[in-house]
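Trainee: Could you walk me through this one? I'd like to start with a detail and then work outwards.

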Number of protein chains: 2
Amino acid sequence: MATAPRIKPSERIFNFGAGPATMPVEVLEKAKGELVNWHEAGMSVMEMSHRGKEFVAIAAEAEADLRKLAAIPASHKVLFLQGGATMQFSAVPMNLLRGGKRADFVNTGEWSKKAIAEAGKYCEARVVASSEDRNFTYVPKQSTWKRSPDAAYLHICSNETIGGVEYHWTPDTGEVPLVADMSSHILSRPLDVARYGLIYAGAQKNIGPAGLVVVIVREDLIGHALPDTPNVLDYRLQSDADSMLNTPPTFSLYLAGLTFKWLLERGGLAGIEQVNIRKAALLYGYLDSQDFYSNPVAKEDRSRMNVPFTLRDASLDAAFLAEAEARGLSQLKGHRSVGGMRASIYNAMPLEGVEALVAFMEEFRKKRG
Amino acid sequence: MATAPRIKPSERIFNFGAGPATMPVEVLEKAKGELVNWHEAGMSVMEMSHRGKEFVAIAAEAEADLRKLAAIPASHKVLFLQGGATMQFSAVPMNLLRGGKRADFVNTGEWSKKAIAEAGKYCEARVVASSEDRNFTYVPKQSTWKRSPDAAYLHICSNETIGGVEYHWTPDTGEVPLVADMSSHILSRPLDVARYGLIYAGAQKNIGPAGLVVVIVREDLIGHALPDTPNVLDYRLQSDADSMLNTPPTFSLYLAGLTFKWLLERGGLAGIEQVNIRKAALLYGYLDSQDFYSNPVAKEDRSRMNVPFTLRDASLDAAFLAEAEARGLSQLKGHRSVGGMRASIYNAMPLEGVEALVAFMEEFRKKRG
């Protein structure tokens, strides 16, 4: 077992977990500083009425900052809800079928499959393209999609957290609303919101702590929820109430707001994208430079956020993980459904974290390869 | 306008808000201390995988402590979910109708009415007793309830946050499962869980921050969700997954766990009940001792947690609120649907807060009465 000193000098580890995931330390330090007494209000953000002037301002500022970051047009509403992306697997069909009987899905991996299975409760969920034939290691080209003429919407998972597959392009679905689960890469790069009917993203990767989901939806699509839709899942009711039909997850929303400001201070999405490109290039470049480690994803579809890789000799996995952990390189174990390793390198992972990982990987390879 | 010094010497106000509400300062200080680096793990609780050993232990300990506090029998499952009590207004009928066509409701105020309206989407929601005839100022005696022979369950709101009406007794519904929305008084007094089929409570009063709801449900009642029930609302699926069918609101659950420990250190529910009885006796005793302020609720049904009161001369309301605020007595304004004042005196409100409030009220009365 390695007894080398931890690579990271501070008390904090480099956390490569897929989510809940590492957060910007500057955001955590700020939250810590005002945890018991926010801005001399004499109370924590957690203790504020969601209808009081302090919290209403926090929520409004979070929305304004997110709109600025992602250049969200006035045609689209922003909702801050609960239940994560999994709740949206139900809420999206309940709200967006609008009398339709089917929706189209592109299947690129585990998270696509979950969305498809859940939508199947409410409509015919048609898989119009799939990369299952090659173990979900690529994104099917749009020219191969067999779309339905009468789909209420077309759904993609634009970054597969488990498989490490990302759309680096935006599908063109014409009049059919494009719906994207962007949980694990939202805010990692600029995007053209106007091209989407609906975007949703659980917070616990690039936005903030678990317990919050962001929904960005074109306003003309809402107002047609199925009769059995629970009130809190009805986009129209939540939109009319500024996401406060019921008590919102106030502290999570506050932390999301701090994260949006952190991104704005770093040049917004164009700024963070440059850092993300460097981090991904460093790690994939190393993976492709030797044959002790490998990543199976088609080069043009590799995720900048989630980098799965395997060791040539899987019997070394446990030693790899233990030695990495001893260096403060943590949560590198791959998803239980896939095995191997996975480095999630979200916005909050600094370049130094990826440098430390690559240095450790090379050292391990030299010793064991 | 009062220029008197704030009654409370510290930086923290006394926060009488109904929810999200004041939390134990000891819990907040502990969370602050470990916010950036929990127990030398090198990360915040917010950054932990919900499937990692650290967080699994936090969640298991929270459940064990809650079971100990409320003496929850093995017959009942504990679920930590998202969406607050409002989400349960939908989830309860979706899970508990079990093929039945109707459920019985006792209507004691605004929160009862919301539960009734939402259940009406899924079944015939029958009001078997109501205190609307006297503006929701009492709890109808069980002898007056006109119960249905075939109700799937009977639902009460055991503490009405807005009206300040509390059940100080447990209904006997025989074979029909008793369901209670205990959001605003759970953990304020001992309770006999075995007498309930299901208890639910949004966290943001006596448990922790908003974004978490606790469901305690008798196991034999689950497993019969309606076909359209979203996965994350299906008690059977969540129970089988230890409330981790999807990513739980990890930080909120951690804070709930700290609050459970805070209660255990204070003698558990029997211990905190004694403090709550003293606080309520002090405030109601004062309200009944003069005629400048008054509370409209029948004495035997008054809530120990939420104390609404009015000034004889409503034109003084604004001055009362402003002067109270200047003394660090905050969020005393009554709910917008009722008007007047409301002092919420949950577990985390110390006796000193109620003493300060009563002292201020008497001072204001002498000056303006």
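Trainee: Which residues point one way from strand 9 of chain B, and which the other way?

Mentor: Bear in mind that this is a predicted model. B:Leu198, B:Tyr200 and B:Gly202 point one way from strand 9 of chain B, while B:Ile199 and B:Ala201 point the other way, and all are buried. With 5 of the 5 residues of strand 9 of chain B buried, the strand is largely enclosed by the rest of the structure.

Trainee: OK, and in what sense do strand 8 and strand 9 of chain B pair, parallel or antiparallel?

Mentor: Strand 8 of chain B and strand 9 of chain B pair in the parallel sense, over 3 bridges, and in strand 9 of chain B it is B:Tyr200 that serves as the bridge partner of B:Asp181.

Trainee: How many bridges join strand 9 to strand 10 of chain B?

Mentor: There are 5 bridges between strand 9 of chain B and strand 10 of chain B, which covers residues 213-218, and these two strands run antiparallel. For B:Gly202, the bridge partner in strand 10 of chain B is B:Val213.

Trainee: Switching to a loop now. Where is B:Tyr167 found, and is B:Tyr167 in contact with anything further off in sequence than four places?

Mentor: B:Tyr167 is in the loop between strand 7 (165-166) and strand 8 (178-181) of chain B. Leaving aside neighbours within four places in sequence, B:Tyr167 is in contact with B:Val139, B:Ile156 and B:Ser158. As for B:Ile156, it is 11 residues away from B:Tyr167 in sequence, with a C-alpha to C-alpha distance of 9.2 Å in space.

Trainee: Why does B:Tyr167 count as buried?

Mentor: B:Tyr167 counts as buried because it has 20 C-beta neighbours inside 10 Å, and the cut-off for buried is 20 or more.

Trainee: Let's zoom out to the pair of chains. What turn lays chain B on chain A?

Mentor: A turn of 180° with a shift of 0.0 Å along the axis lays chain B on chain A, with an RMSD of 0.0 Å. The two copies are thus related as by a two-fold rotation axis. Of the residues of chain B, B:Lys32 comes closest to that axis, its C-alpha lying at 2.7 Å.

Trainee: How many residues does the contact take from each chain?

Mentor: The contact takes 56 residues from chain B and 54 residues from chain A. On the chain B side, helix 1 (25-33), helix 3 (84-96) and helix 6 (250-265) each supply at least two residues, and helix 1 of chain B gives the most, with 5 residues. The residues of that side of chain B divide into 22 nonpolar, 26 polar and 8 charged.

Trainee: And chain A by itself, what does its secondary structure come to?

Mentor: Chain A has 9 helices and 14 strands. Its radius of gyration is 21 Å, close to the 21 Å that the globule rule gives for 369 residues, so chain A is as compact as a globular protein of that length. Of those 369 residues, 53% count as buried.

Trainee: Last one: what domains does the assignment give for chain A?

Mentor: The assignment gives domain 1 (29-265) and domain 2 (267-368) of chain A, and their C-alpha centres lie 27 Å apart. The contact between them takes 24 residues from domain 1 of chain A and 24 residues from domain 2 of chain A.

How values were computed
Residues numbered from 1 in each chain as written. Chains lettered and ligands numbered in written order. Predicted model: local features only at pLDDT ≥ 70, side-chain atom pairs only at ≥ 80, totals over all residues. Rg over C-alpha atoms; globule rule 2.2 N^0.38 Å. Buried ≥ 20, exposed ≤ 12 C-beta atoms within 10 Å, placed from the backbone. Least-squares fit on C-alpha atoms with pLDDT ≥ 70 in both. Contact = placed C-beta atoms within 7 Å. Nonpolar A, V, L, I, M, F, W, Y, C, P; charged D, E, K, R; others polar. Domains from an automatic or database assignment. Pairing = 2+ DSSP bridges.
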